[in-house]
Amino acid sequence: MSDRRKYLLLMGAIAIALIGTVLLAVPGSPIHKKPTLGLDLQGGLEVVLVAVPPKGHTLTADDMNRSISIMQNRINKLGVSEPEIRKQGSNQIVIQIAGIHDPAAAAKLIGKTAQLMLFDFENDLTGPSKDINGNPIATPSLYELLTQVQKQAAKGTPQSYYLFHTKTVKVKSTKKTTVKGKNGKSTTVTKPVTKTVVKHSLVSSADTLTGLLKPYGGKLRPNDKILKVPANTIVISCQTATGCLGARALSPSGSYYYLAQFFPNRKANPIPEMTGADLVLSGTRADFGPTGGPIVTLQFTNHGSNQFQKITRQEAQRGQTKFDLAGKQGDPTTYAQHFAIVLDGQLESTPYIDFQKNPDGIPGPNAEIDLGNGGSIGQAKDLALILQTGALPVTFKQIERTDVSATLGKDSLTQAWHAALIGLILVALFLLLLYRFLGLIAVMGLAIYGLFYYAAILLFNVTLTLPGFAGIILTIGVAADANVVVFERIKEEVRAGKSVRAAIAAGYGKGFHTILDANVVTAITALVLFLIAVASVKGFALMLLIGTVISLVTAVAATRGLLGLLAGFKWFDNPRFMGAQGQQTAKWLQIDFMRRRRLWFAISGVIIIAGATSLGVRGLNLGIDFKGGTQVTFNTHKAFTQPQVAAVTAQSGERDAVVQGRGTSSAGKYKQWQIRTRSLSGAKQSALSDDLRTKLGAYASGVKNVSSSFGHQIALDAIWGIFVSLALIVIYITLRFGWKYSLPVILAMLHDIVITVGVYSIAFKEVSVATVAAVLTVLGYSIYDTIIIFDRVRENVPLMRRQPFATIVNVSLWETIRRSLATTFITLLPIGALEFFGGATLKDFAFALMVGVASGAYSSIFIAAPLLTIWKEREPEFAKRKQFAPGDEIAPTVGGGRRRGKVDAGTAALAASEQSLASEPTPELVDVVTSAPSEPDAQARREKRRQRRRTRPHGRAR
């Protein structure tokens with residue numbers, strides 16, 4: 001296959017993918033999807049849950065904190081929805097979610113207690129739920145079932161209470177009657193009749209009578225009736241789709257009910273025989289069974305396995321006995337006993353025990369819940385999700401559910417779009433100015449990258465928040481770096497005398513391993529954070545991972561395909577048109593970086609000490625995302641927009657307050673409001689309330705304390721994610737470069753984080769969740785930039801066999817510093833647009849990014865490279881070469897490097913290095929992946945020897 005046809009097929013595949021992307025984004029197309037906007041951009045659902053501790057248990061702060069952690073985990077397993085979860089008062093949890101398709105189902109799933117109970121089904125049933133032969137009876141009406149056991153419930157303390165509402169309704173129906181006609185013959189006719197029917201609907205249930213009647217002022221309403229559940233008895237419900245055993249009458253509601261014994265705290269022979277404590281949560285997952293139906297696999301602990309075998313053995317023995325008494329006639333499964341799996345009082349599955357196949361029971365430790373023919377894989381995933389995330393320590397009841405407005409107005413979104421557009425235009429202009437036609441190719445590649453990125457957001461249903469929007473603008477700037485790496489290599493090849501077409505082929509071939517290493521290290525960080533962390537950290541990690549993969553594809557495939565298709569034109573071989581003519585410019589950048597390393601360390605030390613001092617004296621200005629604060633709720637007679645209320649709040653001195661409308665809206669205006677701000681003293685609360693009352697006519701105000709939405713556990717998860725990713729990065733860099741390369745990478749990254757946090761403390765900027773995303777972005781950027789430089793060092797080491805390591809590093813920096821500066825400038829352009837044209841939230845986000853990116857660029861050159869030099873110069877091989885200072889002047893032997901009639905060794909080494917790099921053959925893909933050095937041909941080896949001789953003073957070896 002010719003190269004042109006290969007590139008044509010490649011661009012055809014990219015074009016098809018772009019068409020699919022456009023169809024995803026264009027309204028009216030069959031596959032159109034809308035982006036899911038976050039709470040700050042479009043509002044969402046707010047659910048308020050109140051904790052209901054069990055009998056004899058006092059609600060603790062640990063109960064609430066653990067519940068918040070579990071709910072956070074559940075929501076994020078539903079998708080990267082970036083929810084806000086915070087504690088309100090002492091016993092309430094407020095959850096705000098954007099991007100969930102079914103709010104009612106999500107709210108129900110969040111609040112489930114996941115109380116798993118496993119019963120020996122037939123043996124544990126009691127009362128009307130079992131006939132004289134021990135067979136189960138499913139009752140279609142809970143009211144009728146409980147009515148039969150009220151005498152037993154009067155003895156002792158009832159287990160629980162159910163409140164029913166009784167209503168008498170008239171139902172129209174028809175009745176057939178026989179009527180005699182005039183001719184004496186009888187005929188049957190249908191006549192309409194009206195019947196009086198008494199209906200009993202379930203209102204609520206509770207463990208105590210006081211709790212049952214509390215919503216109604218402690219009094220029983222007219223037409224309501226309370227039915228008790230006998231002591232040591234529990235109600236188990238069953239949906240028809242589950243397959244309810246013993247269902248003899250049709251249930252209009254599709255639900256059936258059983259009564260079972262309940263002795264959970266009995267040491268000997270407890271009922272239920274097993275609970276969720278006997279389950280290994282990590283071994284629980286949704287799957288497909290042998291018949292193709294959805295199942296949930298379970299894994300038991302050692303105690304659970306023993307108990308499971310004991311119960312199933314007893315069931316197998318009972319089933320065999322029944323079969324024997326029946327004369328061993330008929331289907332054996334008719335006599336089999338069942339193991340009931342009950343979740344939150346609802347029967348999920350009743351698998352039978354095959355006594356012929358398992359006469360001694362099932363040993364475990366594995367079992368499964370079969371959802372049956374009516375179940376779906378989605379239901380299996382939801383059930384597995386509840387079990388995986390563990391049981392809530394207390395029960396929660398939903399007391400309020402309402403819609404809330406966006407925390408930011410349309411003005412903020414407009415500012416973000418303007419900042420994005422200006423930033424992208426600046427990046428495009430810079431690339432065109434620096435690389436001419438290659439810059440145009442880079443702009444086209446970035447456009448493809450942006451479209452693919454947007455498609456990924458739609459396909460993965462990622463909730464897009466304003467900081468996330470800003471992060472996307474940043475990643476587009478960083479994605480240009482891959483093109484910059486390749487284009488700088490192309491310029492080197494052109495300066496070495498190759499044609500433009502040959503230089504492009506060599507630039508992509510030799511630059512690919514550099515891009516690959518940098519992207520793999522960044523992807524490791526993103527992947528670990530995604531797997532370990534939660535909340536906004538998880539969302540950031542997913543977008544970083546997607547962006548890294550897409551940038552690698554577009555930089556290597558899309559731009560290479562475009563250049564490959566254009567290679568046949570005559571104008572294509574013009575170096576000036578391609579911006580690749582002439583010698584390396586900016587000679588003033590070729591300073592001796594390694595000789596001044598103490599100066600670089602001192603500069604960083606001063607900044608770090610200043611930041612540490614600021615942190616020690618006044619710390620960080622933590623926002624309500626971290627510290628919690630005060631929530632003020634109020635109503636207004638007149639409807640207002642979010643920006644109008646936010647303006648009044650800002651005038652009262654609470655510029656960073658989160659303002660949301662609640663309930664229904666009309667043309668974007670609300671009459672119900674809530675404001676969350678930092679903790680306010682009594683005087684400031686009064687001042688804010690007065691301003692709201694005077695300027696907005698606020699009334700019915702209420703004040704509550706709210707906890708942080710970025711909890712302690714989320715922070716720990718993020719920190720653990722960083723540590724795990726660092727360990728993996730050390731392993732990867734050790735395998736690809738050597739262990740001495742890994743330590744400077746890690747230290748440079750830690751340097752950037754410390755600098756960013758310190759400067760944030762000095763500036764006393766408010767720290768929000770957006771700031772965390774910015775710091776994590778800095779982490780990825782810093783690693784990427786350092787790997788690019790170290791890759792060139794690794795490449796130069798075998799080519800500069802007689803040079804001191806400091807000279808090798810200096811030359812490597814000179815060869816990559818244009819790329820580093822260009823990438824930093826390209827990245828800072830969109831960030832600067834965010835800083836100057838964005839709103840308050842974007843400005844804080846952009847500030848952290850500007851500090852971090854500048855620190856990352858600095859540390860790669862002035863911290864990581866000198867640290868590597870210090871490490872490597874301790875090796876015996878390089879210790880011998882230290883006597884040859886990189887700044888020594890030698891006789892002129894190479895053109896272009898003259899300084900007052902002489903050439904310094906560093907400049908000569910740079911020229912020799914570029915010639916040697918150009919003489920290296922373009923590696924194949926296997927060489928790139930394995931990093932195995934390609935064997936140069938004889939002419940290339942001779943050229944290397946000539947270059948080495950030119951760098952020796954007076955042509956003699958040292």
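Which residue's side chain meets that of D224 in a salt bridge? The partner is R221, and the distance from N to O is 2.8 Å. The two residues differ in their cover: D224 is buried, with a relative accessible area of 9%, whereas R221, at 36%, counts as partly exposed. This pair offers a point of entry into the structure, which is a predicted model.

Since the model is predicted, its confidence deserves attention before further detail. The protein chain has a mean pLDDT of 77, and 78% of its residues reach 70 or more. Confidence is highest in strand β10, residues 255-261, where the mean is 94. It is lowest in strand β25, residues 889-890, with a mean of 37. Strand β25 belongs to the part of the chain covered by residues 885-903, over which the pLDDT stays under 50. For residues 885-903 the model has 42 contacts beyond four places in sequence. A further stretch with pLDDT below 50 covers residues 925-940. Beyond near neighbours in sequence, residues 925-940 have 23 contacts in the model.

The text now returns to the surroundings of the opening pair. Between α8 (209-213) and β8 (224-229) runs a loop that contains N223. Although N223 is not a glycine, its phi is positive, at about 65°. N223 is exposed, with a relative accessible area of 54%. A second asparagine, N232, is found in the loop between β8 and β9. N232 also is not a glycine and has a positive phi, of about 60°. At 36% relative accessibility, N232 counts as partly exposed.

Strand β9 comprises residues 233-239 and is mostly covered, with six of its seven residues buried. Two strands pair with β9. One of them is β10, which runs antiparallel to β9 and is joined to it by seven bridges. Within this pairing, I236 stands opposite Y258 of β10. The other is β15, residues 346-349, which runs parallel to β9 and is joined to it by two bridges. Here S237 has Q346 in β15 as its bridge partner. In a regular strand, side chains alternate between the two faces of the sheet.

The loop between β10 and β11 (274-275) contains P272. The peptide bond that leads from I271 to P272 is cis, with omega near 5°.

Attention may now turn to charged side chains elsewhere in the chain. Side chains of opposite charge can pair when their charged atoms come close. A search of the whole structure finds twelve salt bridges. In one of them, the side chains of R318 and D120 meet at 2.7 Å, N to O. This salt bridge links distant parts of the chain, since R318 is in helix α9 (residues 302-325) and D120 is in strand β5 (residues 116-120), 198 residues apart. D120 is buried, with a relative accessible area of 1%, while R318 is partly exposed, with a value of 23%.

Another salt bridge joins the side chains of R597 and E873, at 3.4 Å from N to O. Why does this pair tie together parts of the chain that are 276 residues apart in sequence? The reason is that R597 lies in helix α15 (residues 597-617), whereas E873 lies in the loop between α23 (840-872) and α24 (876-879). At 10% relative accessibility, E873 counts as buried. Salt bridges also form a network, in which shared partners join K740, K872 and E875.

The surface holds a nonpolar patch as well. The patch is made by L421, I425, L426, L429, L432, L440 and M444, and has an area of about 590 Å². One of these residues, M444, has its place in helix α11, which spans residues 410-459. M444 counts as partly exposed, at 36% relative accessibility.

Key:
Residues are numbered from 1 along each chain as its sequence is written. This is a predicted model: local features need pLDDT of at least 70, side-chain atom pairs count only at pLDDT 80 or more; totals for chains, interfaces and linings use all residues. Side-chain values use heavy atoms; hydrogens and water are left out. pLDDT is the predictor's confidence in each residue, from 0 to 100. Helices (H or I, at least four residues) and strands (E, at least two) are DSSP runs, numbered from the N terminus. Contact means heavy atoms within 4.5 Å. Buried means under 20% relative accessible area, exposed over 50%, partly exposed in between (1.4 Å probe, protein chains only). Two strands pair if DSSP finds at least two bridges between them. A salt bridge is a side-chain nitrogen of Lys or Arg within 4 Å of a carboxyl oxygen of Asp or Glu. Patches are made of residues with over 30% relative accessible area and no salt bridge: like charges are joined within 9 Å, nonpolar side chains (Val, Leu, Ile, Met, Phe, Trp, Tyr) within 5 Å. Accessible areas come from the Shrake-Rupley method with a 1.4 Å probe; for residues, only the protein chains shown count as cover.
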